[in-house]
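Subject: Structure handover

Hi,

Here is the structure I promised to pass on to you. Please have a look at it first, and then read on for what I found.

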Amino acid sequence: MRRGSILEAAAALLVAAGVATPLGVAPGAASAADPKVDLTSCLAPSALVGDTRVFDTSQGITLTERVLAVDGWRGRDGWSATVEARLGSHAPTVRETFVKPGRRLLLGDLSVGSLEVQMGEPEGWLPLDARPGHSYQARVRGKALLGGEKIGRAVVEHAWEIVGFEPLTTPTGSYSDTVHIAAERNFELKPKSNGTAFRQESDVELWCVDGIGVVAASYAFRFYEDGQMVGEVANLDSWLVSATVGGARAF
């Protein structure tokens, strides 16, 4: 895989794993004094095999997510889901997430094409009982493999907070109440020896709705090789066109 392909794969990993131009209106003020909010039905709604979510994007390409597998995990209430995401003609991304309802969303293995990030055990990613206005951070580490051969270590960093609660209008629909989340996500590939180090920095905004999940997102990406920026995507907005959740049409 050429260098550009690895960077494109890294971008696909971060886009799919769920922007700088807000699609909504000014949010209701969020304060660290606000009570915690259970985001389970917003960020991790119930899922069945075959559930599909389709997004249009500002670049005229379609993002499609499909649930490939759903399994129980650590007790009666927990579960894991394997989701394939395809952005236009790019190679599909497959990601695993593990859900402790009302507690945490954990990140499992990621892959796109022949590039894989193996976590071993799922690692903490997002709290599902979050306090508005409070910043949360996470760092997960895994092995990076290309064509099945280990090429180095991968680190994914994530910082985010609930900005507020607001109505939202997109080109395909209006929502009376969304949770607006702002985040920074970084992906770094550290080679074993004298290979090129890759880093992707991304700014992300998400809007999610209870029982549906993420309904809109906005992304900005910056790509680096050995510390030097080699490319960027200033704005990529996406908005939900259709969704089935738990086997039923949700949008």
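The chain holds 2 helices and 16 strands. Please keep in mind that this is a predicted model. The average pLDDT of the chain is 84, and 86% of the residues reach at least 70. Residues 1-29 are the stretch to treat with care: the pLDDT there is below 50, although in the model this stretch has 94 contacts beyond near neighbours in sequence.

On the surface and the interior: of the 251 residues in the chain, 47% are buried. The exposed area of the chain comes to about 11200 Å², with 49% of it supplied by carbon and sulfur atoms.

Now to the disulfide. The count is 1, and the bond runs between Cys 42 and Cys 208, with an S to S distance of 1.8 Å. This pair ties together distant parts of the chain, since Cys 42 sits in helix 2 (residues 40-43) and Cys 208 in strand 13 (residues 198-209), 166 residues apart. The link between Cys 42 and Cys 208 is right-handed, with 105° about the S-S bond. Are its two ends buried or exposed? Cys 42 has a relative accessible area of 0%, so it is buried. Cys 208 is at 1% relative accessibility and therefore counts as buried too.

Next, the nonpolar packing. The largest nonpolar core has 38 residues, and Leu 39, Leu 43 and Trp 160 have the most contacts inside it. Among the elements that give this core two or more residues are helix 2, strand 11 (149-170), strand 12 (173-191) and strand 13. So which residues does Leu 39 touch, leaving aside its neighbours within four places in sequence? They are Ala 44, Pro 127, Leu 128, Ala 130, Trp 160, Ile 162 and Val 179. There is also a second, separate core of 13 residues, which includes Leu 87, Tyr 175, Ala 216 and Ala 243.

One last residue to look at is Thr 57, which lies in strand 2 (residues 52-57). Thr 57 counts as buried because its relative accessibility is 7%, and the cut-off for buried is under 20%. Apart from neighbours within four places in sequence, Thr 57 is in contact with Leu 236, Asp 237, Ser 238 and Trp 239.

Happy to talk it through whenever suits you.

Best wishes

Conventions. Residues are numbered from 1 along each chain as its sequence is written. This is a predicted model: local features need pLDDT of at least 70, side-chain atom pairs count only at pLDDT 80 or more; totals for chains, interfaces and linings use all residues. Side-chain values use heavy atoms; hydrogens and water are left out. A disulfide is a pair of cysteine sulfur atoms within 2.5 Å. Helices (H or I, at least four residues) and strands (E, at least two) are DSSP runs, numbered from the N terminus. Buried means under 20% relative accessible area, exposed over 50%, partly exposed in between (1.4 Å probe, protein chains only). A nonpolar core is a set of buried Ala, Val, Leu, Ile, Met, Phe, Trp, Tyr and Cys residues joined through side-chain atoms within 4.5 Å. Contact means heavy atoms within 4.5 Å. pLDDT is the predictor's confidence in each residue, from 0 to 100. Accessible areas come from the Shrake-Rupley method with a 1.4 Å probe; for residues, only the protein chains shown count as cover.
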